[in-house]
Structures are given as C-alpha cells and as structure tokens.
Amino acid sequence: MNKKDKILIIGAGLCGSLLALRLAQRGFEVEVYESRPDLRTTNISAGRSINLALSDRGLKALRLCGMEEKAREFCIPMFGRLMHDAHGKTFSSNYSGRENEFINSISRGNLNALLLDEAEKHDNVTIHFNKQCRTVDIENTVAHFKDYQTKEEFFVHADVIFGSDGAGSSLRKSYISERKFLFSYSQNYLNHGYKELEIPANKMGTHQISKEHLHIWPRGDFMLIALPNMDGSFTVTLFLSYDEGEFNFENLTSEDKITAFFEKEFPDALALIPNIKEEFINNPTGPLGTIKCSPWSYKNKTLLIGDSSHAIVPFYGQGMNASFEDVFVFDEILNQNLETWEAVFKAYQKARKHDTDAIADLAIDNFHEMKDHVANPIFKEKRKIEMDLEKIFPTQYFSKYSLVTFNENIGYNEAMNRGRAQDKALLNLIADNDISTSLEMSIEELEIVLRKVQEETNEILQEDKIAGMNERN
Ligand code: FAD
C-alpha cells in the first residue's frame, strides 16, 4: 500500500464523492468515473429520491472531511413525524424527547454537488462524467468503460478499484460473473415500489404544511410521506404495492382511478398536489430492495462500498447515512497503518458488515412501523412514554430510534439489539399493566417506569445472549 497507488472509484454519487474527497485529503491519487452527466452543469435529477433525511451518522462522516457546516446550510431540521389520517386530522410524534435531536431534509443534488466541488479542489482528484463502467477485470484491476457521448469504449488500469456505483453496481456484477472466489449475494425486493410527487410552494414561496416535520399518511398496507425542500415545496413519496390490494401501481392506470384513490385515502394531500395526474402518470415507479453480499473485497485489488455492498430500503432514512459512515469506518481502518490494501479491506469488512446487516433489517422493521404501527394506540402510548423518559432522563434513556439515528458512537448492530429488547420490554410492561400509562406521570412514577424497563431489557438481552441471538456473523 502506497500513496502513489492509482485509485479508481466507480460512481460519483454520495458515497463515491465523499470517499474521493477523503482519500484525496489523505494524499492518494484518485480518479473517479461517473456514468451520469455532471449534475452541477446539466439539468438532470440527481437520481433516486430528490431529498433525503440526513442524520448524525452521516454528519459525523461529513465532519471528518470538513463538510458538516457546508452541508448544514442546505438542511431543513425535522423534529418529528406528523401523521395525517384519512379525514385530514393530524397528530405529531417527536423523534426524541431531547431538544437537540432531529433529522434533516437535504437535497440529494445539492449535497452531491457540494461534495464534488470539494473533491475537485484537490489536484490529486480527477472526475470524469458520462463514463459508464461495463465490467471490471478484477484479477488485473482493469475497468471497461463506455463514454455516453462519444460512444467510445476504453479501459482504465488502476492499482486499486473501489465500486461505489450503487445498488446496481458493475463491480459487484463482475464479482458474480468472473467466478474467481466464493461470493455470497442476496437481493430481496419488497412487493412495494415508490413514486415521487410534489407539493409546490405557496404564492409567497413558502411551505404549505409544517416544514418542521416529516409528514406521513399511514394506511396500513401503503403510505405517503413528504419531506420539505428549501424552495418551499415538498417531495412526496407514495409507497404502494405493485400488484396487491384494492389499489396498486398496476391497476392505477387511468386519471379517474388515480383521483379516486387519492380522494379516498389522502384527501388533504390531494388538495396540495395540483399536478397529481400528470405526475403520477409521468414519474417513474422505482423498486425497493435489500442487497447483502460478502466478501466486499477481492484480494489486494477491489472493494465494494456504500449501496453497492449493502443497499437497503429507505424507511429508516439511513441508506446515505450508512454509506457516509462506511467512509468514516474505512478512514479509521486506514489510521491503523496496515501494510496492504487486502489487510485494510478485510479489517474494514470485519468492523462494518454486522452493522450494515443490522440497518438493513431495521429498515424493513420501520417499513411496517411507518405504514401501520404509527397509528396504533399502543404504539402511540409507547412513544409518549419514551418521549417523557428521554426528556426527564436524557442521559439514561434512548429509544431504539434514538440509538439508531442519534447515537453515532454505537454501531447499528448494538443499537438494534438494545433497541429491540427495550421495545419488547416496554410493550410487555404496557400490555401487562405493569406500568402506569396515565397521560401525566410524576417524575417519581417515571423513574419507576425507567427502572422497570431497564431491568426487563437487561433480562431480555441476557436471554437473547443465552439463545445465541445476538451473535455477530
Ligand atoms: P448512489 O447514490 O446510487 O450512487 C451511485 C453512483 O454511481 C451514481 O451517481 C450512479 O450514477 C453511478 N453509477 C452507477 N452505475 C455506474 C456505472 N456502471 N459506472 C459508473 N457510474 C455508475 N438514505 C438516507 O440516508 N436517508 C433518506 O432519507 C433516504 N431516502 C431514500 C429514499 C428513496 C426513495 C431511496 C430509493 C433511497 C433513499 N435513501 C436514503 C438511500 C440513499 O439514496 C442511498 O443509500 C445512497 O444514495 C447510497 O449512496 P451511493 O453513493 O452508495 O449510491
């Protein structure tokens, strides 16, 4: 491993551009090849999802690269969820009882552009656009590209190749097709897809509904969500089955059916989406899936990072955050001054894989929570108790959501194990009437609840340990 090694990064999305920046800051020679045109100079959508929820793990990695403050300029804080029922009535649920804990809506395009600008400030980084990687000869570290504009095909040789080319990664496909080693791979699609719509700004250019919330219209089998943009608009995303249920993407084919669906299920949202029919028909429907694979690297030569190694469904708002955290963890491994890239890659996967597996599973859990459980009375009761515990005992109680989203110093795996045990404990205590759930509890009563939840959580964790359930793979 040597600073003179030529590093090739495939994909200049969120992970690839942050990785390029960090490796450049560390003094490596980096060349990046991106299949799409430069989003800073071409009017293209930045790809999937116009805006995203950025939270502590992502911010930690941006901080490492000196980018946190710049990114925060594009952030709109969201302090909780605002649920809309089918009659347009709303209720809110904060993300945390601690005031300083919130997530941020940020434009994918702005964030990606910021990272590309910063990476390009370094003389040791070159970024090429419109160059799509077709395959990678992993044994000889040679990538085969096609230029979208000239149609020219060419080969690039490097010492090390990183695949940060997202869920459809060309490097990962080459791992499969080259059959050079035992490569395990799984891809699981949800039966639901997603479609983006828009609530435009009002005449004054401001937001028509609260911009301090992530809006959810939970309907059991499907849901609508909306995140604010800086221009006063909201990006609305419908998550719906492709082919199941009364309404699905396959049968919502006429303007009348689309309007009838929204009138019945989301009347208040419909009133705010003036171009519903055009947008519904013209905007693409995207699939949602989870990808797990192993190993991420091949010898001293290649590494998958970001979505290419662990694409997840978007319901915990953690895909980008996890991909940014990958860069943070990779950087920590580089600090160990290991001798070879192979040693670095192996240490990186060992430190990281159990955490990315955990967030993949948590993201599926949250799919059910968001579309259904958030409207359930016991769930609401549980969240109310959790908010009170976090407010009164801010250093002693952290809900599963807080552990995952706001506790960047513990891994996703630990957050999952502790968070799940705690959820079970709290729900058991509520169901058994073991804890008072009166609306206003005194501090003394809350302290009793805290102790009971802690005791029961520890018992569950102990039982899980004995049953071998929390073993790392
Ligand atoms: P990508 O962002 O997919 O970037 C890959 C890049 O590689 C792209 O620029 C692509 O053009 C390029 N590329 C692809 N193939 C090639 C090729 N063959 N050759 C060259 N270049 C190539 N995450 C969150 O943290 N919070 C959220 O709120 C959130 N919301 C989401 C909502 C939706 C609907 C979806 C689908 C995802 C959401 N995510 C969210 C997840 C997030 O988008 C991804 O985890 C993140 O984009 C991963 O970054 P990446 O750089 O690894 O991959």
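Q: Why is K70 called partly exposed in this predicted model?
A: Its relative accessible area is 32%. Buried needs under 20% and exposed needs over 50%, so a value in between gets the label partly exposed.

Q: What makes E118 and K70 a salt bridge?
A: Their closest N and O atoms are 3.2 Å apart. The cut-off is within 4 Å, so the pair qualifies. E118 sits in helix 4 (residues 108–120) and K70 in helix 3 (residues 68–72), so the contact ties together parts that are 48 residues apart in sequence.

Q: And E118, why does that one count as buried?
A: E118 comes in at 15% relative accessibility. Buried means under 20%, so the label fits.

Q: How do you know that K264 and E265 form a salt bridge?
A: The closest N and O atoms of K264 and E265 are 3.9 Å apart, and the limit is within 4 Å, so the pair is in.

Q: Which of the labels buried and partly exposed go to K264 and E265?
A: K264 has 45% relative accessibility, so it counts as partly exposed. E265 has a relative accessible area of 12%, so it's buried.

Q: What makes D423 and K382 a link between separate helices?
A: Their side chains meet in a salt bridge at 3.2 Å, N to O. D423 lies in helix 14 (residues 412–431) and K382 in helix 12 (residues 377–392), so the pair joins parts 41 residues apart in sequence. Both D423 and K382 are buried.

Q: How many salt bridges turn up in the whole structure?
A: The search finds 35. There's also a network of salt bridges linking R57, K60, E325, D326 and R352.

Methods:
Residues numbered from 1 in each chain as written. Predicted model: local features only at pLDDT ≥ 70, side-chain atom pairs only at ≥ 80, totals over all residues. Heavy atoms only, no water. Helix = DSSP H or I, 4+ residues; strand = E, 2+ residues; numbered from the N terminus. Buried < 20%, exposed > 50% of the residue type's maximum accessible area, 1.4 Å probe, protein only.
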